Amino acid sequence: MTEPKAKNRTLLYNILFLLVCGGIFLFLWEAPPETTAKLPRDAKHLKFYDMKKKEAEQYCQECHRPDGEVPLSKEHPPKYRCLFCHKKQQ
Ligand code: HEC
Ligand code: HEC
């Protein structure tokens with residue numbers, strides 16, 4: 001027969017486990033939908049749709065470097081691999 005004390009502890013662990021699962025679930029549930037701007041489908045960007053990601057990314061800086069035509073904002077997240085975040089549109 002199990003000690004009543006040990007039983008209580010098992011119950012406590014089970015409750016803690018459920019709380020942690022619930023927390024993770026809520027966290028994922030609350031995660032915002034993907035809102036990052038997609039790669040524009042215009043004259044300036046259309047040629048990149050036919051390239052491999054890594055190849056295309058070599059050209060982004062031509063216009064999006066700090067002193068370029070369309071510099072990135074100061075708050076822009078780390079910009080390694082542009083097309084992982086700015087996905088191509090369908
Ligand atoms: C020839 C210049 C040029 C190059 C090269 C270029 N862009 Fe752009 N990009 C622009 C201009 C101009 C705009 C702003 C107007 C527009 O949306 O076309 C822009 C806007 C954007 C936007 C913002 C769209 C929005 O809705 O706010 C993203 C994202 C972007 N470019 C990503 C890229 C990526 C990724 C690459 C490399 C694969 C790239 N650009 C290469 C000129 C360029
Ligand atoms: C880690 C994800 C990520 C990467 C990598 C990334 N971006 Fe962004 N980019 C964002 C977010 C987030 C925004 C601002 C919100 C939005 O676009 O809706 C943004 C905004 C932009 C804008 C609009 C102007 C601005 O600064 O707000 C342009 C243009 C742009 N990115 C181009 C690029 C280029 C070019 C690269 C590669 C050199 C790149 N991004 C890499 C996430 C990313």
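Visitor: Which residue places a polar side-chain atom 2.7 Å from a nitrogen atom of ligand 2?

Guide: That residue is H76, whose polar side-chain atom lies 2.7 Å from a nitrogen atom of ligand 2. Such a pair is a polar contact, that is, two N or O atoms within 3.5 Å, where within protein one atom must be able to donate a hydrogen and the other to accept it, and residues adjacent in sequence count only if both atoms are side-chain atoms. This is a predicted model, in which local features need pLDDT of at least 70, side-chain atom pairs count only at pLDDT 80 or more, and totals for chains, interfaces and linings use all residues. Residues are numbered from 1 along each chain as its sequence is written, chains are lettered from A and ligands numbered from 1 in the order in which they are written, and side-chain values use heavy atoms, with hydrogens and water left out.

Visitor: How many residues surround ligand 2, and which are the closest?

Guide: A residue belongs to such a shell if one of its heavy atoms lies within 4 Å of the molecule. For ligand 2 there are 17 of them, the closest being S73, H76, C82, C85 and H86. The backbone takes part here, since a polar backbone atom of S73 is 2.7 Å from an oxygen atom of ligand 2, and a backbone N or O atom of A37 lies 3.4 Å from an oxygen atom of that ligand.

Visitor: Which elements give two or more residues to the shell around ligand 2, and how does the shell divide by class?

Guide: Helices are DSSP runs (H or I, at least four residues) numbered from the N terminus. Ligand 2 has a polar backbone atom of S73 2.7 Å from one of its oxygen atoms, and the elements that give two or more residues to its shell are α2 (53-64) and α3 (82-85). Helix α2 gives the most, with three residues. By class, the shell has eight nonpolar, seven polar and two charged residues.

Visitor: Which residues come nearest to ligand 1?

Guide: Of the 17 residues around ligand 1, D42, H45, C60, C63 and H64 come nearest. A polar side-chain atom of D42 lies 2.3 Å from an oxygen atom of ligand 1, while nitrogen atoms of the ligand are approached by polar side-chain atoms of H45, at 2.8 Å, and of H64, at 2.7 Å. Helices α2 and α3 are the elements that give two or more residues to this shell, and α2 gives the most, with five. The shell around ligand 1 has eleven nonpolar, three polar and three charged residues.

Visitor: What is the mean pLDDT of the protein chain?

Guide: Each residue carries a pLDDT, the predictor's confidence from 0 to 100. The chain has a mean of 90, with 93% of its residues at 70 or more; among its elements, helix α1 (residues 4-30) has the lowest mean, 88, and α2 the highest, 96.

Conventions: Ala, Val, Leu, Ile, Met, Phe, Trp, Tyr, Cys and Pro count as nonpolar, Asp, Glu, Lys and Arg as charged, and the others, Gly among them, as polar.
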